Amino acid sequence: MDYFLDVLFPRHEISQVNLSEVWVEWGGESFHQVPAKFTNHSKLSFTECMDRAFYKRFLDDSYLTDSMIALYLQGTLTDLEFAINRKEDFLNHEVMRFLSQLVKLEKFAILLIRDEEWIDETHQISGTEELQAIVRESLSWSNPKGVVITKRK
């Protein structure tokens, strides 16, 4: 199944989830990319989504302010999906480790979008175990779901 992963969280908390901006060098000078790109230890790559209107159908306006950053994962969730469905240890997968870091933030939204922008369920969580269970169930081949997972104080 094709899934897309988007995350939204307060811009000032980028360092709390171990993301750093990827700069480009040209002529001996470093420049921001537009749209901005981010990585966590060169394992996962994210690109900033500049058009927040896309998220209006899934999230309330408090997630769409300038103080929030919206990032989408470059690549697929195929490895994570296989780990879950083969009953392997998916908790140590790089994507799960990243998502688990979001739980320590005061506010975030995770969108696991399946099959061309389809969301089946919305969950508000408070802990890591809830997040892990929702992701595991969402990526299950027997009952796949697109989900929005949020947390706010």
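Okay, let's start with one residue, Arg11. Its relative accessible area is 33%, so Arg11 is partly exposed. Before I go on, keep in mind that what you have in front of you is a predicted model.

So what does the side chain of Arg11 meet in a salt bridge? That would be Glu48, at 2.9 Å from N to O. Now, these two come from distant parts of the chain, 37 residues apart: Arg11 is in the loop between strand 1 (3-10) and strand 2 (20-21), while Glu48 is in strand 6. And Glu48 has a relative accessible area of 9%, which is under the 20% cut-off, so Glu48 is buried. In other words, this bridge has a partly exposed end at Arg11 and a buried end at Glu48.

How many salt bridges does a search of the whole structure find? It finds 5. Let me show you two others.

One of them joins the side chains of Glu94 and Arg97, at 2.4 Å from N to O. How far apart are Glu94 and Arg97 in helix 2? They are 3 residues apart, which means about one helical turn between them. Glu94 counts as buried, at 16% relative accessibility, and Arg97 counts as partly exposed, at 37%.

The other one is between the side chains of Arg114 and Asp120, and there the N to O distance is 2.8 Å. Here the arginine, Arg114, is buried, with a relative accessible area of 15%, whereas Asp120 counts as partly exposed at 34%.

Right, on to the aromatic rings. The count for the structure comes to 4 aromatic pairs. Take Phe46 and Phe98: their ring centres are 4.9 Å apart and their planes sit at 40 degrees. Why is that pair called tilted? Because 40 degrees is neither under 30, which would be stacked, nor over 60, which would be edge-to-face. Phe46 is in strand 6 (residues 44-48) and Phe98 is in helix 2 (residues 94-102), so the pair ties together parts that are 52 residues apart in sequence. If you've been keeping track, we've already visited both of those elements: Glu48 is in strand 6, and Glu94 and Arg97 are in helix 2. As for accessibility, Phe46 counts as buried at 1%, and Phe98 is buried with a relative accessible area of 1%.

Then there's Phe82 with Trp141. This pair is edge-to-face, with 5.3 Å from centre to centre and 85 degrees between the planes. Phe82 lies in helix 1 (residues 78-85), and Trp141 lies in the loop between helix 3 (128-138) and strand 10 (147-152), so this pair ties together parts that are 59 residues apart in sequence. Buried or partly exposed, then, for Phe82? Partly exposed, with a relative accessible area of 31%. Trp141 is partly exposed as well, at 45%.

Two more things on rings. Phe54, Tyr55 and Phe58 are linked by ring pairs into a cluster. And Tyr63 has a lysine over its face: that's Lys107, at 4.7 Å from the ring centre.

Last stop, the surface. Which residues form a nonpolar patch there? Val24, Trp26 and Phe31 do, and together they have about 340 Å² of accessible area. Within that patch, Phe31 has its place in strand 4 (residues 29-31), and Phe31 counts as partly exposed, at 34% relative accessibility.

That's my tour. Any questions?

Definitions and conventions: Residues are numbered from 1 along each chain as its sequence is written. This is a predicted model: local features need pLDDT of at least 70, side-chain atom pairs count only at pLDDT 80 or more; totals for chains, interfaces and linings use all residues. Side-chain values use heavy atoms; hydrogens and water are left out. Rings of Phe, Tyr and Trp (its six-membered ring) pair if their centres lie within 6.5 Å; planes under 30 degrees apart count as stacked, over 60 as edge-to-face and the rest as tilted. Helices (H or I, at least four residues) and strands (E, at least two) are DSSP runs, numbered from the N terminus. Buried means under 20% relative accessible area, exposed over 50%, partly exposed in between (1.4 Å probe, protein chains only). A charge sits over a ring if NZ of Lys or CZ of Arg is within 6 Å of the ring centre and within 35 degrees of the ring normal. A salt bridge is a side-chain nitrogen of Lys or Arg within 4 Å of a carboxyl oxygen of Asp or Glu. Patches are made of residues with over 30% relative accessible area and no salt bridge: like charges are joined within 9 Å, nonpolar side chains (Val, Leu, Ile, Met, Phe, Trp, Tyr) within 5 Å. Accessible areas come from the Shrake-Rupley method with a 1.4 Å probe; for residues, only the protein chains shown count as cover.
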